[in-house]
2 protein chains.
Amino acid sequence: MTALPPSPRTTIRRKPDRGHYDATSIHAIVDAAFVCQIAFNSAGSVHCLPTACWRDGDHLYIHGANNSRLINALLGGECSVCITHVDGLVLARSAFHHSMNFRSVVIYGQFAAVDHADDKARAMASFLEHVSPGRNAHVRPASPAELAGTRILRLALHEAAAKIRNWGVEDSAEDMSIPVWAGVVPLGRQAGVPVAETGCADFPLPSLPAALQKEALP
Amino acid sequence: MTALPPSPRTTIRRKPDRGHYDATSIHAIVDAAFVCQIAFNSAGSVHCLPTACWRDGDHLYIHGANNSRLINALLGGECSVCITHVDGLVLARSAFHHSMNFRSVVIYGQFAAVDHADDKARAMASFLEHVSPGRNAHVRPASPAELAGTRILRLALHEAAAKIRNWGVEDSAEDMSIPVWAGVVPLGRQAGVPVAETGCADFPLPSLPAALQKEALP
C-alpha cells in the first residue's frame, strides 16, 4: 500500500494533529485487532455489526457463512469499517480535560468476494496465522466442504485513516495547582493462563500474535 | 429498563443461542466499554466512527463539541451502535472450528440531545464516574463555558441485543485425536502502572472502574 492522500471522507477535521494516513500506521492498528465493526445499509436501516478480521497485504479480510445476511449485504454496497483500541485513561485536574489515549482506523469502500478455492484456502491460513502464528502446521486444514460453506470478503485499505492519541494530560494553566493525581493510566490487553481441552495439557502451548505481546503492561 | 422482545432488527438469527435480550446482560457489556462505534448516514455515505461512551440508567450517552459533524449527523437520523469485547481465542484441532469468545451489544435508534445545563452537568459527572469512580469530588467541575461548548446526546437502550460466546472448543468427533494443543486463551484488559504528571506523584492514585478490575487475568 502506498500512502494515498486523504479523501473528503477520511480527512480528519477535528483535532487533525491526531490523523495519520500512512500505511505503516494504518496496518499496525489493523494488525492489533481481532475484530472490526462494520457499518452498512440493509433493508432500509443502517447497521453496525462486529466480525472477526485480519489483514493480508493491502486488504482487510472477513469471513462468514455462505448464506450470511452480513456477507450478502456487504457485497451489495459500500460500507465503513472501524477498529478501535483504547490505550489509556487520561486523568486531568479538571473534569473537562479528561481524555483517552487510543488508536483507531476508519476504512471506506466496498468488500469484494474471494471465491477461488486456492485463494480462500490461502486467506483462511492467513487468518489462523494472525490468531496464532505457526498453528497452520499443526491443525487439520479446512476441507473442501468447509471452504465451500465459507464466504471470504476483502476490502482495500486505500481509503482509510488512522487517529491516534498517545500523550499525557492537557490541563489549562490555571488548573495546575489543583491537588489531585493527574496522569495516564495505561490500558493493554493481556493473555491469561491458557485453558486446555481435556487431553491437551501435555501438548506445547500455542504461540500468540506479536500485537498481543506488545500490549502487555508493567 | 424492562427486557423487551427483540425487534426484527435485533433478532439474532445466526447462532441464536448466543443472543441475549435482557437488560442485565446488555448493561454489563455497555458498562465494560470506554468507547462505542456508531454507524450512521451523512452526506450520501455510511460512516462508522468511534467515540467515548457511558451508561446512565436506560440510556447510552456520548458527547462532542457543539459544531461536531458526528453530533449533528446523529441528531438528524437513525443510527446503530456497536460495542465489542474480545474475551478469548478459541483454538481448535481443526482450522475451521477456531473461534473467539466475545461479548457484543448492538443498539438501534436515534440519539436525542441533552441540552439543559443541569442535565448536562449531571451527565458529565456520570461520565467521569464511569472512568474513575469518586473522582468528581477531587477535580475542578466543568465551567458554564465548558458545558456550553459541549453537546451531550443519549440513545435509549430499548432496541438492543447482546451476543455472547464464552465457552470452549467445538471440534468435530473425528478431529479429537489430532495431537495439537486445543483450548481457550483468555484475553482481558489490564491497567498498567499509572504515569503521573509532574508534581502529582504524591497524591493518592485514582480509582478504576469495576469492569476493568474484573477483566484482570491470572
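How many bridges join β7(A) to strand β10, residues 159–165 of chain A, and in which sense do the two run? There are 7 bridges, and the strands run antiparallel, where two strands count as paired if DSSP finds at least two bridges between them, and where helices (H or I, at least four residues) and strands (E, at least two) are DSSP runs numbered from the N terminus.

Before going on, I should say that this is a predicted model, in which local features need pLDDT of at least 70 and side-chain atom pairs count only at pLDDT 80 or more, while totals for chains, interfaces and linings use all residues. Residues are numbered from 1 along each chain as its sequence is written, and chains are lettered from A and ligands numbered from 1 in the order in which they are written.

Staying with β7(A), residues 99–109, you can find Tyr108(A) opposite Glu159(A) in β10(A). Strand β7(A) also runs antiparallel to β6(A), residues 79–91, and 11 bridges join these two, with Val81(A) standing opposite Ile107(A) in β7(A).

Let me turn to the open sheet of 4 strands in chain A, whose order is β4-β5-β9-β8, with antiparallel pairing. Because β4 (54–56) and β8 (112–114) of chain A stand at the edges, each with a single partner strand, one side of each is left without a neighbour in the sheet. Neighbouring strands of this sheet are turned by 40° against each other on average, direction ignored, the axes being lines fitted to C-alpha atoms, for helices over the stretch in contact, and angles running from 0 to 180 degrees between N-to-C directions.

At one edge, β8(A) pairs with β9(A), residues 150–156, in the antiparallel sense over 3 bridges, and Ala113(A) stands opposite Leu153(A) in β9(A). Helix α3(A), residues 117–131, packs on the sheet and touches β4, β5 (59–65), β8 and β9 of chain A, its direction making about 120° with that of β4(A); contact here requires C-beta atoms, placed from the backbone, within 7 Å.

Finally, the interface: 77 residues of chain A are in contact with 77 residues of chain B. The elements of chain A giving two or more residues to that side include β6, β7 and α3, but β11(A) gives the most, with 9 residues. This β11(A) pairs with β11(B), residues 183–191, in the antiparallel sense over 5 bridges, and Gly188(A) stands opposite Gln190(B) in β11(B).

Notes:
Contact = placed C-beta atoms within 7 Å.
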